[in-house]
Amino acid sequence: MTAPAEDGALNPAQLEQLQAERLLLLREGVRQVRGPRFLVDLAVAWAAYQAGAGWGAWIYLGVMTLGLWGRSLLLEHGLAAGWAPGRILRQMTTVLAALGLVHAGLFVLVFLQPHSHWHYLLTMVLVGNAAGAVATVAGDVRAYLLWVAIYGGSLGLGWLARGTQEGLIVAGLLVLMFGVLVRHVHGEGRAQVRLVRLADELRSARDRAERASESKTRFFAAASHDLRQPLTALSYHVATVQALASQQKDERLAQVGAGLRRALQDSQALLNSLMEVSQLDAGAVAVQAEDVDLVELLRRCADDYAPQASQQGLAFDCVLPELPPGEPLRVYTDPALLRRILSNLFSNALKFTAQGRICLMLLREGERAALCVQDSGPGIPPELQERVFEEFFQINNSGRNRAQGLGLGLAIVRRLVNLLGLELRLESQPGQGSCFTLWLPLGSSQATHAPAALAGSTTPGGPGHRLLVVDDEVAIRDALAELLMTLGWSVRTASGVTEALSCLSPQWQPEALVLDYRLRDEVTGLDALEALRAQGCEAPAWVITGETTPERVQTLLAAGLPVRHKPVDGLALAHEISATLRGAKAAR
């Protein structure tokens, strides 16, 4: 099919897209007019027969019926066979021109007969048929012009051949009518070209935005990884200071250790927000749904939130509905993720409410429950209410006040809300505070959930534990080794696979492994673990990493090993390893 004049301004990819769009329109148009078109051809054949065309009128009907159905079958076959859109459209134009010649043959038979009122009726039906044919060319003005030249030209010549004033007038009216139809098709084609250009520009803009977003993600992942390295070593040293303070009963050293630990926790909270966004984007957060009593959940949240609000000088209210005894409001969702949403919303309210109150409310509307976090803060202008859910966007924090965080809390909220399949609404006006409302469908599961076992507290002691640390950062592995040896453990360290294997001996086999994920020369901790397993080492392994990209998170989860993200709390890691080893011995 030949493209309209505007197509010359399109690049090959745009032209192919235009042809594909026209093919879809053509397919729909052919399907819609297939039945009505047969009735029109039947009316044309009947009028032609009455005008004196004889059996030629019915031959015309048979040929047109076969031609139109054949055109439809050819179109469907081309689509099913995967032919290029341009090839199919060219074949459709050829068939259309052939059908125009069939009409021309009928006109010859009709206008050779004496003039009668049947000629006027036939012309009216044929003009209506020409208007209906607009849907079968899908905006291709050149294809329509080719058909009109044959179809309309032969009809107009038939009237001119009468040599009468009436024939001249009808021919002139036919020219005007076909001119209007051609202009309509031309306008439709131009609109399609503009839409294709616009769609291409939008795709390009989307691709640029996605590349920018990916670049931003890579940058923050790299920055997060590099920042976590020294913080991890520092965390191990702080744990060592605290362990020494405990052993030596040194209060001043304990105070210093506690201060260092608080500073580390603040830094870790900021980095963990980046990690949480990466985990959610990677699909690495699994929903553990269970029956949740909303009233009880909000009471526990209120117990946690009230002291924080009081410390900041804010009033705090928790409004719960009055329910009949024994009829709790239950939902089937993940309680931990739900609490995380509420915690982020409450933290956001604390940050931006200088005075006044914060209210946590639970409402019931029919078969839904609404959890509301309302504050008396400065409010959010309507034009910014969508942007506050973007990463790193903060209102009135151009100076990047660290007390207001990174601007990831609401971005995490949106991801968690989508993960749980819930609905979140924001109502706010400048100077009138904000209200975030989370809607949940009421109902519980039919399954019976066994209560989770509670892990008892353990201590990291236990002289004789043997641990192998594999990390290419000297400061990190030495700091962890110093901590664990202070606790009475036997520790060996390695920077890579070869050194790790050399640590093994009949006299010393590790009971646990701590492996950094990213080692030197494109080697990973998983590679080191595979090599150790090949040498018969079956000790449980923990992977320590500073990686935060969604792809890397998925890789680590697929390995099925405990993964801890830097900076790691050294004492907590020691507790966990010690508990695992004691549990394994008790199970023997």
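Student: Before we get to the open sheet, when do two strands count as paired?

Tutor: Bear in mind that we're looking at a predicted model. Two strands pair if DSSP finds bridges between them, and the cut-off is at least two bridges.

Student: Okay, in what order do the 5 strands of the open sheet come?

Tutor: The pairing in this open sheet is parallel. Neighbouring strands are turned against each other by 20° on average, ignoring direction. Reading across the 5 strands, the order is β9-β8-β10-β11-β12.

Student: Which strands stand at the edges of that sheet?

Tutor: Look for strands with a single partner, so that one side is left without a neighbour in the sheet. That picks out β9 (490-494) and β12 (563-565).

Student: Over how many bridges do β8 and β9 pair?

Tutor: β8 covers residues 466-470, and its pairing with β9 is parallel. As one example of the register, Val-469 sits opposite Thr-493 of β9. The count for β8 and β9 is 5 bridges.

Student: What angle does the direction of α11 make with that of β9?

Tutor: Helix α11, residues 474-486, packs on the sheet and touches β8, β9 and β10 (512-516). Another helix on the sheet, α13 (residues 525-534), touches β8, β10 and β11 (541-545), at about 150° to β10. For α11 against β9, the angle is about 175°.

Student: Now β4: which residue in β5 is the bridge partner of Glu-365?

Tutor: β4 (residues 357-365) pairs in parallel with β2 (residues 315-319) over 5 bridges, while 8 bridges join β4 to β5 (residues 368-375) in the antiparallel sense. The β4-β5 hairpin has 2 residues between its strands, and Gly-366 takes a positive phi near 65° there. The partner of Glu-365 is Arg-368.

Student: How far apart are the end C-alpha atoms of α10, and what span should its 12 residues have?

Tutor: α10 runs over residues 409-420, and Gly-421, with a positive phi near 70°, follows it. Its buried residues include Leu-410, Val-413 and Val-417. At 1.5 Å a residue the helix should span 16 Å, which agrees with the end-to-end distance of 17 Å.

Student: Last one: at which residue does α5 bend?

Tutor: α5 takes in residues 141-160. At its start, a side-chain oxygen of Asp-140 comes within 3.3 Å of the backbone nitrogen of Arg-142. Further along, the helix bends by about 35°, and the residue is Val-148.

Notes
Residues numbered from 1 in each chain as written. Predicted model: local features only at pLDDT ≥ 70, side-chain atom pairs only at ≥ 80, totals over all residues. Heavy atoms only, no water. Bend = angle between axes of the 7 residues up to and from the residue. Helix = DSSP H or I, 4+ residues; strand = E, 2+ residues; numbered from the N terminus. Polar contact = N/O pair within 3.5 Å; in protein donor to acceptor, adjacent residues only side chain to side chain. Expected span 1.5 Å × (residues − 1). Buried < 20%, exposed > 50% of the residue type's maximum accessible area, 1.4 Å probe, protein only. Axes fitted to C-alpha atoms, helices over the stretch in contact; angles between N-to-C directions. Contact = heavy atoms within 4.5 Å.
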